[in-house]
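Subject: Handing over the structure

Hello,

Here is the structure I promised to pass on to you. Please have a look at it first, and then read on for what turned up.

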Amino acid sequence: MYNLDQISNSAAQLTGESLEGARQRIGALQRFDQLIPAAWAGQALLESVLVSALSSVTGQSRPFGVREAKPVNEGLVLRVERAEDVQALFELLPYQPKRGPWRGVRGLVVQTDAKRLRFGFRTWVYERSWRAVEPAVWVTGPHGVDLPALTAAHEERILAAGHSAQWDPQRPEPGPRRREPAARSLVRQLSASSAMGSALLRRPRLWDSLAGYAGVRMATPMTDYGLDWILERQVAGPQFDDARLIEVLTDRIVGCGLRILDHACGAEECTVRLAPRPGTWDCRGVLTVRSHKAASLPHVQVAAPRPLTAIGDRLSVSRPITNLDGPDRGVQDHDGVTIQLTGVPHTGGMHRDDLSWVAEQIAAVWTTQGLVTAIILARDPDGWIGFRAPGKPTWATAPVPGTVEGWRRLRIAPPPGELWSLKVSDDDEAIADALAEARRRFDRVFLIKRNDDWRWEEHSLSRLTDVRILVHRAEPYERRIPLPAESGQDTDAVMLTPAESAMQWRQQELGRWTSKRPLAGMLLVNSAPHDVQPDDFDAAVENELARYGTPVLGRFPANQPIAHGPGLSPHPPTVLDHRRISPPTPR
């Protein structure tokens, strides 16, 4: 149901790691909804510190001078292209001069690890957790460069100037007595938006995958709400290739999961501003990407764009066929079918998360069959409960610019299939607009709403949805009605025929509904881990239910509970994930 080569290639094109290495790393995953893992808070802060130095070096032929950024466990391995890039990292190392304040990033440490350098933090710099290891970034240099020798030479220069080197992790250093002002502390500045800097460092090859790459530089100005990342991108060629750039940065599977604020393009410059999703930890900032036309200098070679499997590019004769309008793929009218899933509104019934899980299972099966599918989830905005604003430092007082959530992919699917999702407010007008757009863009569309508004929604949405299906828990049908005995504890019972049992089920489950629109059928979710077929009596009851207009269309094995929240996957498992039991296609 999934293509390991396709998703491995999608990640390798952005990280620069070898295809075999990406295949081994991704093949060990159990979920394919985040192919490039996000760093935890302390690790992201370390990576942001390093990328702030790498992004200021000139003369690099690769973005940030990084050829490969390979996630390893909870750390990161960087392979840089020049010795100058290593020297830029050395400029971050802290030392104490003869007079005056410390220089460099206080608390940053480095040590030689075989032929590599291991950068880290002292424990008092970051917030420690029993679940996370120490932050670490291993740096490997270009071929033939002795990194331990470069480190020793840098230390000799510091000592020769009469300064005291303070980056050896084996030498204890208690830390400053007073907290440095945010304006002078790189760590304090970057802690406001370290997740964004880490996300950019972990995808260095994004920039030279686009048309006309000629170089990138980055700056981090402080703002009243946090820290902005401003990336200056030079392009040598006739086009900016901003559509593919936006698509990757806003994607949550291989990209940064940002949301677009605004986009303005001219003949010589193109500016895109993106902001994080609300509630994202350590991401209080805006990413601004300014693309400029580079001068046609002799040393600037116009790089041809590479097809990005991550966004569904296909290689053509001259350049990749790109997706210019999100999930539309250039098709203006699919005239898709809309299906609404609902449940019985009572305690113990199917909740909205259960309905969403069933919809994603079915949509994933259709996606692997080549259909363009979507799921619309109508719900109130998610609230945030916490003791402090996520990632908000004391010096950032204003709110981060807000954005509107749009269509997002749930998985990378074998072409031409696509799987998308959209959250809209639980409002009839918003739902109607979303359904109208989805019918034009997709082949099959699922709508998930609340279960307790059956009576009110049928009139406003009856003309917008084509099919309504009931999702219900699979339980044995009643075969007898117990009667109280006149004396003692013995009870009598009335045995039911399949027709009587079917009528009893409809009265108990659907009797409180006053729907004027019939159901197209039912999907049953088994509590057993595998699909359990009904016996002869239950099959006879379901035949009667079909005669009453509620046939059983399919069964699904119940899956594990859906875990939501920071650090957990926002998507339930689908058949596109590894090591999962694929549900049967609804019959």
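Let me begin with the cysteines. A search of the whole structure, which is a predicted model, turns up 1 disulfide. The partners are Cys265 and Cys270, and their sulfur atoms lie 2.1 Å apart. The angle about the S-S bond is -60°, which makes the link of Cys265 and Cys270 left-handed. The two ends have their own surroundings: Cys265 is partly exposed, at a relative accessible area of 44%, while Cys270 is buried, at 1%.

Why is Cys256 not bonded to Cys283? The sulfur of Cys283 is the closest cysteine sulfur to that of Cys256, but at 8.7 Å it is too far for a bond. Cys283 is accordingly in no disulfide, with the sulfur of Cys256 as its nearest cysteine sulfur. Cys283 is also buried, with a relative accessible area of 6%.

Now for the overall picture. The protein chain has 587 residues, and 50% of them are buried. Its secondary structure comes to 13 helices and 22 strands. If you count the contacts with a separation of 6 or more, 72% are between residues 24 or more positions apart.

As a general point, nonpolar side chains in soluble globular proteins tend to be buried together. Here the largest nonpolar core has 82 residues, and those with the most contacts inside it are Leu35, Phe64, Leu78, Phe119, Phe121, Trp207 and Leu287. Helix α3 gives the most to this core, with 7 residues. Another core lies apart from it and has 26 residues, including Leu419, Ile448, Ile469 and Val525.

Leu78 is a good residue to click on if you want to see the larger core from the inside. Leaving aside neighbours within four places in sequence, Leu78 is in contact with Leu54, Val66, Glu68, Ala69, Val137, Trp138, Val139, Thr140 and Leu201.

Helix α3 deserves some time of its own. The helix covers residues 41–54, 14 residues in total, and reaches 20 Å from its first C-alpha to its last, close to the 20 Å expected at 1.5 Å a residue. Of those 14 residues 13 are buried, so α3 is largely enclosed by the rest of the structure.

One of the partners of α3 is helix α7 (residues 194–201): the two pack at an angle of about 65°, with their axes 7 Å apart. The crossing of α3 and α7 is left-handed. On the α3 side the contact is made by Ala41, Ala44, Leu45, Glu47, Ser48, Val51 and Leu54, and on the α7 side by Ser194, Ala195, Gly197, Ser198 and Leu201.

Two buried polar residues are worth a look as well. Ser10 is found in helix α1 (residues 4–15) and counts as buried, at 0% relative accessibility. Not counting residues up to four places away in sequence, Ser10 touches Leu35, Val254, Thr309, Ala310 and Ile412. The other is Thr465, in the loop between α11 (454–461) and β18 (467–473). Thr465 is buried, with a relative accessible area of 4%. Its contacts, beyond neighbours within four places in sequence, are Thr338, Gln340, Leu435, Leu447 and Arg517.

Finally, some notes on the backbone. Most residues other than glycine have a negative phi, and most peptide bonds are trans. Phe64 has a positive phi, near 60°. It lies in the loop between α3 and β1 (66–72) and is buried, with a relative accessible area of 0%. Asn73 also has a positive phi, near 55°, and sits in the loop between β1 and β2 (75–80). Is Asn73 buried or exposed? Asn73 is exposed, with a relative accessible area of 78%.

As for the peptide bonds, a cis one joins Pro415 and Pro416, with omega about 5°. Pro416 is placed in the loop between β15 (408–411) and β16 (418–424).

Enjoy exploring, and do write back with any questions.

Best wishes

Methods
Residues are numbered from 1 along each chain as its sequence is written. This is a predicted model: local features need pLDDT of at least 70, side-chain atom pairs count only at pLDDT 80 or more; totals for chains, interfaces and linings use all residues. Side-chain values use heavy atoms; hydrogens and water are left out. Helices (H or I, at least four residues) and strands (E, at least two) are DSSP runs, numbered from the N terminus. The expected span of a helix is 1.5 Å times one less than its number of residues. Buried means under 20% relative accessible area, exposed over 50%, partly exposed in between (1.4 Å probe, protein chains only). Contact means heavy atoms within 4.5 Å. A nonpolar core is a set of buried Ala, Val, Leu, Ile, Met, Phe, Trp, Tyr and Cys residues joined through side-chain atoms within 4.5 Å. A disulfide is a pair of cysteine sulfur atoms within 2.5 Å. Axes are lines fitted to C-alpha atoms, for helices over the stretch in contact, and angles run from 0 to 180 degrees between N-to-C directions. A crossing is left-handed if the near helix is turned anticlockwise from the far one by less than a right angle, and right-handed if clockwise.
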